[in-house]
Amino acid sequence: MSRLARSALLWCTGYLFLALVPLGLALLIRPHEVREFGAELGALLGLLALGVLASQAVISGRHRWFAESVGYDNILQFHRQTGIFALLLVLAHPIVMIATRPGWLEYLDPRDDTLRAITLILLVLATLVLVASSLWRTRFGLSYEWWRALHGALTLFIVAGGLGHAVMVQHYTQGVITTLLLGAVVGGSLLLVVETRLLRPWRLRKRAWKVVANEQERGDATTLTLEAEGRHRLDFAPGQFFWITLGDTPFSLQQHPFSVASSVSDGRRFSFTAKRLGDFTNTLPDVKPGTRAFIEGPFGSFIPEPDNGSGAVLIAGGIGITPIMSILRTLHDQGDTRPLWLLYANKTWEDAAFRDELAELEGQLDLDVIHVISDPEPEWKGERGKIDEALVKRRVPADDGRREYFICGPEPLMNVAEKALLAQGAAATRIYSDRFDIV
């Protein structure tokens, strides 16, 4: 079993343990009232929902101690899928119980107990809004900044409200010890939310950075270079990313992830490059030198192994070249001699950011750059169309069991590239993907 597979198994086991704690505590209790099977099943589904929702805070909080080697992209996908699972559990909990005892429908009647009924209804609605806004944020026209605030507030309400509901029912939560244990586990997840949204920015306030250069790149992209204000530094690996807040305070809804584009040679100075693709990135060309910034990170496992003589295949689409530039610049600074193959897809030749530097790096590294243009000029003599399985098979050497593969770009390109590499015999544990849609 590979190191990555062992790490994934370890963290999945830890997650399952946390998610199953409320259910496990319930199974240790012998309730005074004997109820129908449907009623007990519905109650246990609710406790399982509480455990899964509480564990979501561990996944979503960008805690570097949690599953860092698995990759933030994989953690995010897992978070989304378990969020959908939690929603199904939340909906199944009252449906199964009311189907078993229709009289329990009165719990949702505000005329009987207004506070209880409104709270239960709001918990279900809040969970629906939480999941729907996360899956279809852009369709709803919800900016990332306001979604982030909504996501945090709803998480606190749902987990705290679910804990209160479970404790007040007392069927499976009777007894002081059970209540305290359940409160400790679920309350711990609430503290993680507070740590992420309040304590972490508080610590960052004394570690400010400033923009020292703003350069325009090909492909409607902007490169910002930042330097530390003070003696602090950030050590990172090539291919990693940071969450960056521009402004005078770290307590801001505006926080966005950007891959590092520069070499790792200087921990007090780094740069990132972004294409104008949305509200925030559209403002980057206007950022003035001297603007303050706050950095959280680094994150990500999009990192080549040291001393891998078998080399690496790098596949990028558009501005997905950014973390790959960090890798190439670092390998150049380190005098690395491993063989490298870069497939770089763009719509036009003018869209190819860093193309001049890539040409220089071809002469300084053991690097073969293959540009792929989907809408080329008539005189273009390179690869045409899009990166597909046939192109990968033609231009990428056969897998040798050790070579690493790094892919970054739009979702369709990444899906095709991953499938093509697997067809070439590359092991999934040696394919590293860095997707755009992590917010």
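Contacts in this predicted model are dominated by partners that lie far apart in sequence: among contacts in the protein chain with a separation of 6 or more, 73% join residues 24 or more positions apart. The protein chain holds ten helices and twelve strands, and its C-alpha atoms fill a box of roughly 80 × 50 × 40 Å along the principal axes. Of the 439 residues in the chain, 51% are buried. The accessible surface comes to about 21,000 Å², and carbon and sulfur atoms account for 61% of that area.

A good place to start a tour of the interior is the largest nonpolar core, which has 35 residues. Within this core, V52, L182 and V186 touch the most other members. Helices α1 (3-27), α2 (37-60), α3 (72-100), α4 (114-135), α5 (144-169) and α6 (176-204) are the elements that each give two or more residues to the core. The largest share comes from α2, with twelve residues. For V186, setting aside residues up to four places away in sequence, the residues touched are L50, A54, V159 and L163. A second core, separate from this one, contains 24 residues, including L342, A352, F354 and F406.

Helix α2 deserves a closer look. Its 24 residues reach 35 Å from the first C-alpha to the last, close to the 34 Å expected at 1.5 Å a residue. The helix is mostly covered, with 21 of the 24 residues buried. After α2 comes R62, which has a positive phi near 55°.

Positive phi values also appear at two aspartates. D220 is not a glycine, yet its phi is positive at about 55°. This residue sits in the loop between β1 (208-217) and β2 (221-228), and with a relative accessible area of 42% it is classed as partly exposed. D307 likewise has a positive phi, near 55°, without being a glycine. The loop that holds D307 lies between β6 and β7 (312-317). D307 counts as exposed because its relative accessible area is 73%, above the 50% cut-off for that class. Another backbone feature is found at P298, within strand β6 (residues 292-299): the peptide bond joining G297 and P298 is cis, with omega about 5°.

Strand β1, which precedes the loop of D220, also contains N214. The relative accessible area of N214 is 22%, so this residue is partly exposed, the cut-off for buried being under 20%. N214 and L224 are ten residues apart in sequence, while their C-alpha atoms are 4.8 Å apart in space. Beyond its neighbours within four places in sequence, N214 is in contact with T222, T223 and L224, and also with L284, P285, D286 and V287. Two of these partners offer backbone oxygens to the side chain of N214. The backbone oxygen of V287 lies 2.9 Å from a polar atom of that side chain, and the backbone oxygen of P285 lies 3.5 Å from a polar atom of the N214 side chain.

A comparable arrangement, this time in a helix, involves T322. This residue is placed in helix α7 (residues 321-333). T322 is buried because its relative accessible area is 3%, under the 20% cut-off. Once neighbours within four places in sequence are left aside, the contacts of T322 are S259, V260, A261 and T273. T273 also takes part through its backbone: its oxygen lies 3.4 Å from a polar atom of the T322 side chain.

The last region to consider is a pair of strands. Strand β8 (residues 340-346) and β9 run parallel and are joined by seven bridges. One pairing between them is that of A345 with V372, its bridge partner in β9. Six of the seven residues of β9 (residues 367-373) are buried, so this strand is largely enclosed by the rest of the structure.

Methods. Residues are numbered from 1 along each chain as its sequence is written. This is a predicted model: local features need pLDDT of at least 70, side-chain atom pairs count only at pLDDT 80 or more; totals for chains, interfaces and linings use all residues. Side-chain values use heavy atoms; hydrogens and water are left out. Helices (H or I, at least four residues) and strands (E, at least two) are DSSP runs, numbered from the N terminus. Buried means under 20% relative accessible area, exposed over 50%, partly exposed in between (1.4 Å probe, protein chains only). A polar contact is a pair of N or O atoms within 3.5 Å; within protein, one must be able to donate a hydrogen and the other to accept it, and residues adjacent in sequence count only if both atoms are side-chain atoms. Contact means heavy atoms within 4.5 Å. A nonpolar core is a set of buried Ala, Val, Leu, Ile, Met, Phe, Trp, Tyr and Cys residues joined through side-chain atoms within 4.5 Å. The expected span of a helix is 1.5 Å times one less than its number of residues. Accessible areas come from the Shrake-Rupley method with a 1.4 Å probe; for residues, only the protein chains shown count as cover. Two strands pair if DSSP finds at least two bridges between them.
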